[in-house]
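Student: Can we go through this one together? I'd like to practise reading helices and rings.

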Amino acid sequence: MRRQLLRLVALAVLGIGPGFLAAQASLAQNFPERPIRFFVPFPAGGSTDAVARAMAPALEKILGQPVVVENRAGAGGMLGVDMIAKAAPDGYTIGIAGAGALGVNIGERVKRPYDPVKDLALISRAAASPFVLIAPQSLEAKSLRDVINLAKAEPGKLSLGHGGNGTAMHLVALTFVTMADVKMNLVPYRGTAPAVTDTIAGHVQLGVADPPPSMGAIKEGKLKALAVTSTKRYSVFPDVPTADEIGLKGFDISGWFGIAAPKATPPEIVKKLNNAVVAALKDPEVVRRISTVGMEPTPSTPEEFYAFLESEIANAAKVPVPESKAN
């Protein structure tokens, strides 16, 4: 009784009356009543887009409403996430975002127009996979160790492409040059797909890629897969060594995605969305589709997602940031 009284007093201080609570409860009970917009802050063709489009049909079936996937690329994924943060907090705008836009962001040293903890309601983690360090067939180096030796022999000559400043791919690039103790030109792109394209063409000598846009080119022999960024070998490329094996001990960075909504989204709606997302990520067809692009579903509670996010931000803050060459 005392706890209920204190809650009512607190709500009164905030100006939240019974009518408002009743309206919120009604909104949550009837949710959803119209289509849901599902923002993807990267171009089509990357892993973020692949995971979202794998989930959308299952979410439609579970929620009983259309789920419309919209690509809003730019600023390393931050543009689309900012649109999520600034959308009406009614549950009808959600989005999937990568490690950089939500958590990594190189220890907050790349300015973003929102705070992922204060401006977003985290719903669930979605999927994860290691990255692959790739090189064009034209590069004489046959291994990552060869690339390191070339970079040491001619500091500043080689370029390393990644999927955008502030992204997890940027973190991989920074961690690589730091641990390998080499000087390379870091070249940011608007997503992984264009970075892979330029690596195939030899415009950059090394690239950081996630599985979807690189798997085909690697299997067709257009790219060399030199190393994966996890401490264990990756099932998609079992013959490719880890960076740790090559001598960069402890190199362990994965790309991950999560689902979020605007911060003021009612808790009841966040719970409904979490239930739907978790169920979708356990759907056998969704698991199959996500697996085909080299990812693994990682459903979670909102609380688990917040704890994971705090850990990722703390780890990224430790990495030094040299200048990147704009592209």
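Here are a few questions with worked answers.

Tutor: First, this is a predicted model, where local features need pLDDT of at least 70, side-chain atom pairs count only at pLDDT 80 or more, and totals for chains, interfaces and linings use all residues. Residues are numbered from 1 along each chain as its sequence is written, and side-chain values use heavy atoms, with hydrogens and water left out.

Student: How do H3 and H13 run relative to each other?
Tutor: The axes of H3 (residues 47-63) and H13 (residues 284-292) come within 9 Å and cross at roughly 170°. Axes are lines fitted to C-alpha atoms over the stretch in contact, with angles from 0 to 180 degrees between N-to-C directions. Over 145 degrees counts as roughly antiparallel. So H3 and H13 are roughly antiparallel.

Student: Which parts does the pair of Trp-256 and Phe-305 tie together?
Tutor: Rings pair if their centres lie within 6.5 Å, and planes over 60 degrees apart count as edge-to-face. Trp-256 and Phe-305 fit that, at 6.0 Å centre to centre and 85° between the planes. Both are buried, meaning under 20% relative accessible area. They sit 49 residues apart in sequence, so the pair ties together strand E10 and helix H14.

Student: Which residue lies over the face of Phe-308?
Tutor: Phe-308 belongs to one aromatic cluster with Trp-256 and Phe-305. A charge sits over a ring if NZ of Lys or CZ of Arg is within 6 Å of the ring centre and within 35 degrees of the ring normal. Here, at 3.7 Å from the ring centre, the residue is Arg-125.

Technical notes: Helices (H or I, at least four residues) and strands (E, at least two) are DSSP runs, numbered from the N terminus. Angles under 35 degrees count as roughly parallel, over 145 as roughly antiparallel, 65 to 115 as roughly perpendicular and the rest as oblique. Rings of Phe, Tyr and Trp (its six-membered ring) pair if their centres lie within 6.5 Å; planes under 30 degrees apart count as stacked, over 60 as edge-to-face and the rest as tilted. Buried means under 20% relative accessible area, exposed over 50%, partly exposed in between (1.4 Å probe, protein chains only).
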